[in-house]
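I opened this structure to look up a few places in it, and I kept these notes as I went. The entries follow the order in which I looked.

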Amino acid sequence: REIISRLHNALQNDELTLYFQPKVDLRNGAVVGVEALIRWQHPERGLLSPAAFLPQVEGSTAEYPIGKWVISTAIRKASQWLIEGFPLKVSVNISANQLMHPEFLNDLRLALAEHPEVPASHLELEVLESVSISDVTRTVEILAECHRIGVMVSLDDFGTGYSSLTYLRKLPVDTLKIDQSFVRDMLTDPEDHGIVNAVINLAKSFNRQVIAEGVETLAHGNELLRMGCHLVQGYGIAKPMPGEEIQTWIKYWL
Ligand code: G
Ligand code: G
Ligand code: MN
Ligand code: NA
């Protein structure tokens, strides 16, 4: 496909870039990390969001190289921030194919070894709740190895997949990330409110952290705090921004 060969070129030509969206602790305002989100600075079409090209990337020959680039670029950025006095945790989104790729763990170790100054715990993998329910044993093995390396793992878009509680109990993940579709309407829709509340309590029962995404207003933040979820991410805090803007944003935020 045309777009895939364009993307292989884009990787070579440095047209891909990462934006970062802060995650904060509402109890004290602390910035607990940032999520890396890919963008394509297309020479003709301008800045493209993932929706404009990731669906085509999935299952293509570009998927693994792009995912690998995202991880090393995120670690390099974490190193830069660390050296400049901002020890930020960086989360990256990992597709199921990427996680299952035979070279994944090897490449992850190599990427971390390039920056020994960055603790592995400063890297978090966001994997979709729906990740490889088809091969639970292997998924558990890979995520457990990520843990052994010291890398954190969170289950993204939690609530939208079909994982059973047994599956959840087996999966070595640190954090459940409540999908924004439930957070958005939780103040007006009692069912969404119930789902958000249930996920928060589920996380508590399973001894996992919980973070809400798509937090757009103060009222959302207050209600989440009241329900026991203090970690949040969303336009109400900050939109994704270029890496160079993060430090300025943090100084202004605190
Ligand atoms: O940044 P934005 O909200 O437009 O992202 C849209 C979707 O693209 C989100 O679901 C996000 O998880 C996904 N996404 C963003 N960056 C990456 C990436 O580097 N790798 C993968 N696999 N998905 C990403
Ligand atoms: O699937 P994932 O959680 O990785 O998706 C993250 C995406 O959600 C990013 O593309 C980001 O731009 C978007 N996003 C983050 N916060 C908000 C928000 O408060 N409102 C909306 N509508 N989208 C958000
Ligand atoms: Mn995510
Ligand atoms: Na999500």
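I began with Asp-135, in a model that is predicted. I wanted to know whether Asp-135 is buried or exposed, or something in between. I counted 13 other C-beta atoms within 10 Å of Asp-135, so I entered this residue as partly exposed. I placed Asp-135 in the loop between β5 (123–128) and α6. I also looked up its distance to Met-100: the two C-alpha atoms are separated by 9.5 Å, and the residues are 35 apart along the chain.

**Helix α6 and helix α5**

From that loop I went on to α6 itself, which covers residues 136–149, and to α5, which covers residues 104–113. How far apart are their axes, and at what angle do the helices pack? I noted 11 Å between the axes and an angle of about 15 degrees. Angles under 35 degrees count as roughly parallel, and therefore I wrote down α5 and α6 as roughly parallel to each other. The crossing of α5 past α6 is right-handed. On the α5 side I listed Phe-104, Leu-105, Leu-108, Arg-109 and Leu-112 as making the contact, and on the α6 side Ile-142, Glu-145 and Ile-149. By class, I sorted the residues of this contact into 6 nonpolar and 2 charged, with no polar ones.

**Helix α5 and helix α3**

Next I took up the packing of α5 with α3. The angle is about 25 degrees, and the axes lie 9 Å apart. That makes α3 roughly parallel to α5. I noted a right-handed crossing here too, between α3 and α5. α3 contributes Lys-68, Ile-71, Ser-72 and Ile-75 to the contact, while α5 contributes Asp-107, Leu-108, Ala-111 and Leu-112. I divided the residues of this contact into 5 nonpolar, 1 polar and 2 charged. Leu-108 and Leu-112 of α5 are among the residues in this contact, and I had already listed Leu-108 and Leu-112 in the contact with α6.

While at α3 I looked at Ile-83, which belongs to this helix (residues 63–83). I counted 11 other C-beta atoms within 10 Å, so I marked Ile-83 as exposed. Its C-alpha atom is separated by 9.4 Å from that of Val-118, which is 35 residues away along the chain.

**Phe-53**

I found Phe-53 in the loop between β3 (46–48) and α2 (54–57). Why do I enter Phe-53 as buried? Because 22 C-beta neighbours lie inside 10 Å of Phe-53, and 20 or more is the cut-off for a buried residue. Not counting residues up to four places away in sequence, I found Phe-53 touching Ile-3, Leu-7, Trp-40 and Leu-48. For Leu-7 I also noted the spacing: 46 residues from Phe-53 along the chain, with 8.9 Å between the C-alpha atoms.

**Arg-208**

Arg-208 sits in the loop between α9 (190–205) and β8 (209–212). I counted 18 C-beta neighbours inside 10 Å, so Arg-208 went down as partly exposed. Which residues is Arg-208 in contact with, leaving aside those within four places in sequence? I listed Val-173, Asp-174, Thr-175, Leu-176 and Ala-203. Arg-208 and Thr-175 are 5.3 Å apart, C-alpha to C-alpha, and 33 residues apart in sequence.

**Two aspartates with positive phi**

I looked up two residues that have a positive phi without being glycines. Asp-14 has a phi of about 65 degrees, and Asp-157 has one of about 55 degrees. I located Asp-14 in the loop between α1 (2–12) and β1 (16–25), whereas Asp-157 is in strand β6 (residues 152–158). Asp-14 is exposed, with 8 other C-beta atoms within 10 Å. Asp-157 has 19 C-beta neighbours inside 10 Å and counts as partly exposed.

**The two ligands**

I finished with the ligand surroundings. Around ligand 1 I listed Leu-37, Ile-38, Ser-49, Pro-50, Ala-51, Leu-54, Val-70, Asn-93, Ser-95 and Pro-240. This shell divides into 7 nonpolar and 3 polar residues, with no charged ones. For ligand 2 I noted 14 surrounding residues, the closest being Gly-214, Glu-216, Gly-234, Tyr-235 and Pro-240. I sorted the shell of ligand 2 into 4 nonpolar, 6 polar and 4 charged residues. Pro-240 is on my list for ligand 1 and among the closest residues to ligand 2.

Technical notes: Residues are numbered from 1 along each chain as its sequence is written. Chains are lettered from A and ligands numbered from 1 in the order in which they are written. This is a predicted model: local features need pLDDT of at least 70, side-chain atom pairs count only at pLDDT 80 or more; totals for chains, interfaces and linings use all residues. A residue is near a molecule or strand if its C-beta atom, placed from the backbone, lies within 6 Å of it. Ala, Val, Leu, Ile, Met, Phe, Trp, Tyr, Cys and Pro count as nonpolar, Asp, Glu, Lys and Arg as charged, and the others, Gly among them, as polar. Axes are lines fitted to C-alpha atoms, for helices over the stretch in contact, and angles run from 0 to 180 degrees between N-to-C directions. Helices (H or I, at least four residues) and strands (E, at least two) are DSSP runs, numbered from the N terminus. Angles under 35 degrees count as roughly parallel, over 145 as roughly antiparallel, 65 to 115 as roughly perpendicular and the rest as oblique. A crossing is left-handed if the near helix is turned anticlockwise from the far one by less than a right angle, and right-handed if clockwise. Two residues are in contact if their C-beta atoms, placed from the backbone, lie within 7 Å. A residue is buried if 20 or more other C-beta atoms lie within 10 Å of its own, exposed if 12 or fewer, and partly exposed in between; C-beta atoms are placed from the backbone.
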